[in-house]
Amino acid sequence: MEFSELIKTATVESVLLSCAGLPPVRGTLCITSHHLLLSSCPGGDGQPGTVELWLLIRNVDAVEKRVQNLGWYQPPRTNDSPRDTRLAGSSGTITLRCKDLKVLQLEIPGMEECLNIASSIEALSSVDSVMMMYPFFYRPQDLRLEEGWHLFPLEQYFQQIAAQTSQWRLSDLNRDFTTCPTYPADVIVPAAVSDDTLRRAARFRQGGRFPVLSYYHPRNGTVMLRSSQPLTGPNRKRCPEDEVLLGTVLDEGERGFIIDTRSAQAAKQARMTGGGTEPKSSYPQWKRLHRPLERGRPLQESFIKLVEACNDASLSMDRWLSRLESCRWLSHVKAALSTACLAAQCLDREEASVLVHGAEGTDTTLLVTALAQVILDPGCRTVVGFQGLLEREWIEAGHPFHLRCARSAYSHARLKQEAPLFLLFLDCVWQLSRQFPFSLEFGESLLLTLFDNAYASDYGTFLCNNEKERCLCKVKENTHSLWAWLNQPEEKKKYLNPLYSHNPLVIWPSVEPQSIQLWQGLFFRWIRPSQYLDEARAEMQRLVEGNEAPAKESAGSRLSRSLSDPAARTENER
């Protein structure tokens with residue numbers, strides 16, 4: 001397929017671009033294979049110079065078009081001229097609703113040009129072949145292809161664990177991806193369990209996702225594992241190797257908890273179709289806890305309803321609050337944080353190991369294990385540590401980004417496998433950063449950048465659904481890493497929290513309704529101007545860079561006092 005075949009009209013003059021919060025701009029619109037560009041020529045009479053729109057077409061979620069025909073007219077005729085009837089004029093308006101929730105409007109002169117532009121954008125934004133996406137063509141001058149791809153090897157994470165215990169080993173049994181197509185080549189497993197036993201246990205778990213180590217708690221040696229559901233089925237099948245694997249994790253007399261992210265009823269129904277849960281008789285040391293978390297269609301529809309409510313400027317306060325409650329997004333945030341807190345509590349306070357799984361083990365499972373680590377581990381609350389967490393617990397762990405982030409909140413396409421699990425995770429991390437404003441080294445801008453890049457990116461980090469697919473597409477050989485760009489000194493500075501102070505303690509968030517707030521920085525990002533917030537952040541950054549410690553403390557204390565919820569204080573402040 002050639003991109004040129006999808007572009008019906010490449011250039012249109014005198015196009016008017018409108019976007020909330022910005023003055024309209026008239027200029028020349030151009031369509032390339034991956035971008036939509038608009039340039040306004042420098043003009044006299046005080047007109048602004050060149051203004052460019054540089055929109056990645058992959059970022060377009062929905063294209064809406066409206067064509068106006070202004071009728072016909074007859075020009076004046078002389079005695080000898082034939083009757084002449086002409087089209088008075090026609091124009092069209094294209095509304096582009098983007099995956100990052102931005103809304104753009106293009107007024108295009110000419111009905112045919114408008115329809116052609118809309119058709120071209122729809123076709124280009126729907127290209128689904130990974131190797132035809134922009135990261136495979138993007139070549140910035142200041143980055144090398146190999147940069148950033150090997151910043152967070154699992155070997156490095158394993159060495160931190162090996163320095164504290166010899167009970168775990170790094171296994172490469174999945175190096176050819178035949179044991180589990182959605183796991184990485186290397187996994188951390190109990191040292192006492194052989195690879196052959198692991199392969200047999202994998203056949204008892206959906207998709208081959210046998211229990212592997214997610215987190216080792218250095219304070220007491222407990223661990224958090226993750227997997228998919230066991231394939232017990234209606235006949236309650238058993239797997240001795242799986243029982244040995246989980247039994248090895250616990251010493252005699254110890255207990256562990258299995259946190260199932262499905263309801264008890266959903267788990268029971270799964271048994272009728274070949275799935276199920278770990279029976280108490282076969283896993284006597286493990287206690288099962290059900291904490292249902294939505295995924296798939298219900299979560300996507302919640303996201304869509306929330307964005308619709310945020311964009312409806314006609315709502316009264318009562319109506320707005322009713323819409324906010326009915327979309328249930330904040331309920332999903334609360335449920336995710338509560339379940340992550342439960343996992344963290346089992347590890348830190350109960351001193352008991354935890355296994356987390358739902359059905360496939362690629363969605364809500366990863367949401368819980370990643371969130372629990374942000375709560376427990378101060379290392380995961382630094383910029384580099386957080387990137388390593390995302391690499392380990394989302395990307396390498398097999399969250400299907402290509403499927404889940406194919407569409408955002410505006411798409412008119414029928415929902416397939418889209419679901420904003422990663423956005424829900426970022427929202428939960430934002431809640432933590434709001435309640436503990438000194439404990440995370442990064443700020444909201446990093447979370448927004450990650451959201452944008454998960455849905456449409458110049459970089460290959462979030463491409464494909466798992467490591468096997470990335471190897472087949474040679475993503476690491478042919479695209480740039482997002483981490484390489486984010487970790488450039490000048491770029492990294494933009495994402496730092498100027499109030500950050502290392503907090504070695506566990507941060508226990510409040511999940512009371514009054515403590516969970518709407519992430520306005522994301523959902524109102526393109527609706528409500530953020531000029532004053534941006535200026536305040538810049539001023540705080542300036543004070544910190546100027547080594548004005550008293551000013552930093554003053555800014556921090558003022559921010560802390562502005563957070564009326566007692567839960568919004570750090571552990572140290574308590």
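Which residues in α9 meet which residues in α12? I should like to open with that contact, and I note at once that the model before us is predicted.

On the α9 side, the residues are T364, L367, A370, L371, V374 and I375. Their partners in α12 are L421, L424, F425, C428, V429 and L432. Sorted by class, this contact of α9 with α12 comprises eleven nonpolar residues, one polar residue and no charged residues. As to geometry, α9 and α12, the latter spanning residues 421-435, pack at an angle of about 20°, and their axes are 10 Å apart. Angles under 35 degrees count as roughly parallel, and α9 and α12 are therefore roughly parallel to each other. The crossing in which α9 passes α12 is right-handed.

Let me turn to the second neighbour of interest, α10. Helix α9 covers residues 364-376 and helix α10 covers residues 383-395; the two pack at an angle of about 155°, with 10 Å between their axes. Here the relevant cut-off is over 145 degrees for roughly antiparallel, so α9 and α10 are roughly antiparallel to each other. Their crossing is right-handed. From α9, the contact draws on L366, L367, T369, A370, Q373 and V374. From α10, it draws on F386, L389, R392, E393 and W394. The class count for this contact of α9 with α10 is seven nonpolar, two polar and two charged residues. L367, A370 and V374 of α9 take part in the contact with α10, and L367, A370 and V374 also appear in the contact with α12.

The third pair is α12 with α13. Their axes come within 10 Å and cross at roughly 180°; α12 and α13 are therefore roughly antiparallel to each other. In α12, the contact is made by F422, L423, L426, V429 and W430, and in α13 by E444, L447, L450, F451 and A454. These residues divide into nine nonpolar, no polar and one charged.

Residue A454 leads us to the cavities. How many cavities of 30 Å³ or more does a search of the whole structure find? There are six. The largest cavity has a volume of about 180 Å³. Its lining consists of 17 residues, and those nearest the centre of the cavity are R58, M133, A454, Y455 and L463. Two helices, α11 at residues 401-404 and α13 at residues 444-455, each supply at least two residues of that lining. The largest share, three residues, comes from α13. By class, the lining of the largest cavity has 13 nonpolar, three polar and one charged residues.

I close with a contact elsewhere in the chain, that of R219. This residue is found in the loop between β12, residues 212-216, and β13, residues 223-226. Which residues does R219 touch, not counting residues up to four places away in sequence? They are D348 and E351. R219 and D348 are 129 residues apart in sequence, and their C-alpha atoms are 7.8 Å apart in space.

To recapitulate the helix pairs: α9 is roughly parallel to α12 and roughly antiparallel to α10, while α12 and α13 are roughly antiparallel to each other. Thank you for your attention.

Definitions and conventions. Residues numbered from 1 in each chain as written. Predicted model: local features only at pLDDT ≥ 70, side-chain atom pairs only at ≥ 80, totals over all residues. Heavy atoms only, no water. 1 Å grid on protein atoms, 1.4 Å probe; cavity = no way out; pocket = protein on both sides within 12 Å on 5 of 7 lines; lining within 4 Å. Points joined across faces, edges and corners; volume = space filled by probe spheres on them. Helix = DSSP H or I, 4+ residues; strand = E, 2+ residues; numbered from the N terminus. Nonpolar A, V, L, I, M, F, W, Y, C, P; charged D, E, K, R; others polar. Axes fitted to C-alpha atoms, helices over the stretch in contact; angles between N-to-C directions. Parallel < 35°, antiparallel > 145°, perpendicular 65-115°, else oblique. Left-handed = near helix turned anticlockwise from the far one by under 90°. Contact = heavy atoms within 4.5 Å.
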